[in-house]
Amino acid sequence: MSDYKGLFYMRYKLESKRTRNILRYDYYEMKNAQQDFNITMPEQFIWLNECLGWCAKSVDTLADRLSFREFKNDNFYINEIYNMNNPDLIFDSAILSALITSCSFIYISKGLNGYPVLQVIDGRNATGIIDPTTNMLTEGYAVLQRDSTGRPVTEA
């Protein structure tokens, strides 16, 4: 139990990686403006905005090849929870998020009707520490909601 890093460490870890993960999403969404040195661009095309666009195509192609079927040895009825939610989108969103930010979490919470609800949280809003022996998450931190300035409102 003394190996836990604590809430302040997890907040720092998330914020230290957040800007890089936002940049990764900018690359994926082709919103990364490149600096123009006016070396190769003719003057009649100066108004064009350059960005790198091959990232989205490669990520989408790889994401389309990955599919989820079911949980094996399901002692906690996760397959039922998965089927009660939107199974067509949950893991597709989690896979895409994992390919972009190298980190993706599926958060299980209690819904308004009392049934479990699954929510995908990407690397911009969640982090954790994984035990190298068991590959299980030992500590996790997620921002479930942010205000208009980007500060966390709801944390888990």
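**Close-up views of a predicted model**

**View 1. Lining of the second largest pocket.** Helix 1 gives the most to the lining of the second largest pocket, with six residues. The model shown here and in the other views is a predicted one. Helix 1 covers residues 7-28, and strand 3 covers residues 126-130; each of these two elements supplies at least two residues of the lining. In total, 15 residues line the second largest pocket, and those nearest its centre are Lys17, Asn21, Cys103, Ala126 and Thr127. The volume of the second largest pocket is about 180 Å³. Sorted by class, its lining has five nonpolar, six polar and four charged residues.

**View 2. Thr127 and its contacts.** Thr127, one of the residues nearest the centre of the second largest pocket, belongs to strand 3. Is Thr127 buried or exposed? Thr127 has a relative accessible area of 10%, and buried means under 20%, so Thr127 is buried. Residues up to four places away in sequence are not counted in what follows. Thr127 then touches Met10, Lys13 and Leu14, and also Phe105, Glu139, Gly140 and Tyr141.

**View 3. Lining of the largest pocket.** The largest pocket has a volume of about 510 Å³. Which element gives the largest share of the lining of this pocket? Strand 1, made of residues 104-110, does so with four residues. Residues of the lining include Ser104, Phe105, Ile106 and Ile108. Phe71, Ile78, Phe91 and Leu118 also line the largest pocket, as do Ile130, Asn135, Met136 and Leu137. How many residues of each class are found in the lining of the largest pocket? Ten are nonpolar, two are polar and none is charged.

**View 4. Pairing of strand 1 and strand 2.** Strand 2 covers residues 116-122 and pairs with strand 1 in the antiparallel sense, over seven bridges. Within this pairing, Ile106 stands opposite Val120 of strand 2. Ile106 also appears in View 3, as one of the residues that line the largest pocket. Strand 1 and strand 2 form a hairpin with five residues between the strands, where Gly114 takes a positive phi near 95°. A general point helps in reading such a view. Side chains in a regular strand alternate between the two faces of the sheet.

**View 5. Hairpin of strand 3 and strand 4.** Strand 4 is made of residues 137-146; strand 3 and strand 4 run antiparallel and are joined by five bridges. Which residue of strand 4 is the bridge partner of Ile130? The partner is Leu137. Both Ile130 and Leu137 are among the residues that line the largest pocket. The hairpin has six residues between the strands, and Asn135 takes a positive phi near 60° in it. Asn135 is likewise part of the lining of the largest pocket.

**View 6. Hairpin of strand 4 and strand 5.** Strand 4 is also joined to strand 5, residues 152-155, by three bridges, and these strands run antiparallel. Glu155 in strand 5 is the bridge partner of Val143. Five residues lie between the two strands of this hairpin. Gly150, in the turn, has a positive phi of about 95°.

**View 7. Surroundings of Thr101 in helix 4.** Helix 4 runs over residues 87-101 and includes Thr101. Thr101 has a relative accessible area of 3%; because this is under 20%, Thr101 counts as buried. Its side chain reaches the backbone oxygen of Cys103 at 2.8 Å. A polar atom of the side chain of Thr101 also lies 3.2 Å from the backbone nitrogen of Gly123. With neighbours within four places in sequence left aside, Thr101 is in contact with Asn21, Arg24, Tyr25, Asp122 and Gly123.

**View 8. Surroundings of Ser97 in helix 4.** Ser97 is buried, with a relative accessible area of 4%. Which residues does Ser97 contact, leaving aside its neighbours within four places in sequence? They are Tyr25, Ser102, Cys103, Ser104, Asp122 and Gly123. Ser97 and Val59 are 38 residues apart along the chain, and their C-alpha atoms are separated by 9.8 Å.

**View 9. The whole protein, for orientation.** The protein has four helices and five strands. Their order from the N terminus on is α-α-α-α-β-β-β-β-β. Of its 156 residues, 24% count as buried. Among contacts with a separation of 6 or more, 44% are between residues 24 or more positions apart.

Conventions
Residues numbered from 1 in each chain as written. Predicted model: local features only at pLDDT ≥ 70, side-chain atom pairs only at ≥ 80, totals over all residues. Heavy atoms only, no water. 1 Å grid on protein atoms, 1.4 Å probe; cavity = no way out; pocket = protein on both sides within 12 Å on 5 of 7 lines; lining within 4 Å. Points joined across faces, edges and corners; volume = space filled by probe spheres on them. Nonpolar A, V, L, I, M, F, W, Y, C, P; charged D, E, K, R; others polar. Buried < 20%, exposed > 50% of the residue type's maximum accessible area, 1.4 Å probe, protein only. Polar contact = N/O pair within 3.5 Å; in protein donor to acceptor, adjacent residues only side chain to side chain. Contact = heavy atoms within 4.5 Å. Pairing = 2+ DSSP bridges.
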